[in-house]
Amino acid sequence: MKLIFLGAPGAGKGTIATAVSKEYGIPQVSTGDLFREAVKNGTELGQRVKGIMERGELVPDEVTVDLVRERLSRPDTAAGYILDGFPRTVPQAEALAGFQRLDAAINFKCGDEVVISRLSGRRVCRSCGAIYHVKNIPPRREGVCDRCGGELYTRDDDRDESIRNRLRVYREQTEPLISFYRRKSELREIDSAQSVEDSIRQLRPVLQALRKRS
Ligand code: ADP
């Protein structure tokens, strides 16, 4: 199954993608994670995108499309994948359509208040990337990852000013993708205002129907 997950920052795509990826055995390809990895390793790409990410702006389309094209050329994605955080602009979606055939674009919907409270309480493991929330998904020990014992931190772009900027960028550049995929009849919608489990419960029948079709 070749899926893309759409939704505002904080709508839950990343957390849900991790769970679905495990349950269905298909890799999760998160451009945000790939960029953060590059920044952490201090590669040329990392140096180029560090400031852009801290400000909550978007990395240029050509850079992002090249990264995804390379990632999707590796054999582990041949049978399927979940693209999490890509595409984020109409030109990225058009570029993707030029080299991949998708099964569906899943849009995770939830209101602004939910998004802001999720982002400002989000904590991420520095070692394995697992996502927590101080109230909704607390780790067993404060500041420590349940999975690997790594240190939990607040992403630089999960601070107030960047959050507002990311929501603005989402509205201007990413939201138009909803009608883009609706026109292609590839859009499915999930209400992600409740828990991760609730979103996955809504998603299962959708994925089953897609599987039957393919
Ligand atoms: P979010 O929680 O905002 O969905 P991500 O982890 O997906 O965060 O992305 C973090 C940052 O990485 C973005 O704010 C942006 O700077 C960069 N980024 C990730 N994916 C893309 C993309 N498809 N196009 C451009 N920039 C991207």
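Start the tour at R155: one of its polar side-chain atoms sits 3.1 Å from an oxygen atom of the ligand. Keep in mind as you click around that this is a predicted model.

**Stop 1: the ligand and its polar partners**

Leave R155 on screen and add R36. An N or O atom in the side chain of R36 is 2.9 Å from a ligand oxygen. Now show the backbone of G85, where an N or O atom lies 2.9 Å from a nitrogen atom of the ligand. How much of the ligand does the protein bury? Taken alone, the ligand exposes 560 Å², and 96% of that is buried by the protein.

**Stop 2: the whole shell**

Next, select everything within 4 Å of the ligand. You should pick up 19 residues, and the ones that come nearest are T31, E57, G85, Q92 and R166. Try colouring the shell by class: eight residues are charged, six nonpolar and five polar. Which element gives the largest share of this shell? That's helix α2, residues 31-41, with four residues.

**Stop 3: the sheet**

Hide the side chains and switch to cartoon. You're after an open sheet of five strands, paired in parallel and ordered β2-β3-β1-β4-β8. Go to its edges and you find β2 (28-30) and β8 (187-191); each has a single partner strand, so one side of each has no neighbour in the sheet. Look along the sheet and you can follow its twist, which averages 25° from one strand to the next.

Now zoom in on β1 (residues 2-6) and β3 (residues 81-84). These two run parallel and are joined by four bridges. For a handy pair to label, take I4, which stands opposite L83 in β3.

**Stop 4: a helix across the strands**

Bring back helix α8, residues 176-183. It lies across β1, β4 (104-109) and β8, and runs at about 130° to β8.

**Stop 5: two helices together**

Keep α8 and add helix α5, residues 90-99. The two pack at an angle of about 30°, and their axes are 9 Å apart. To see what fills the contact, show side chains for V90, A93, E94 and L96 on α5, then P176, L177, F180 and Y181 on α8. What classes of residue do you get here? Seven are nonpolar, one is charged and none is polar.

To finish, put the ligand back on screen with R36, G85 and R155 shown as sticks, and leave the five-strand sheet in cartoon behind them.

Terms used. Residues numbered from 1 in each chain as written. Predicted model: local features only at pLDDT ≥ 70, side-chain atom pairs only at ≥ 80, totals over all residues. Heavy atoms only, no water. Polar contact = N/O pair within 3.5 Å; in protein donor to acceptor, adjacent residues only side chain to side chain. Areas by Shrake-Rupley, 256 points an atom, 1.4 Å probe, with all protein chains shown as cover. Nonpolar A, V, L, I, M, F, W, Y, C, P; charged D, E, K, R; others polar. Pairing = 2+ DSSP bridges. Axes fitted to C-alpha atoms, helices over the stretch in contact; angles between N-to-C directions. Contact = heavy atoms within 4.5 Å.
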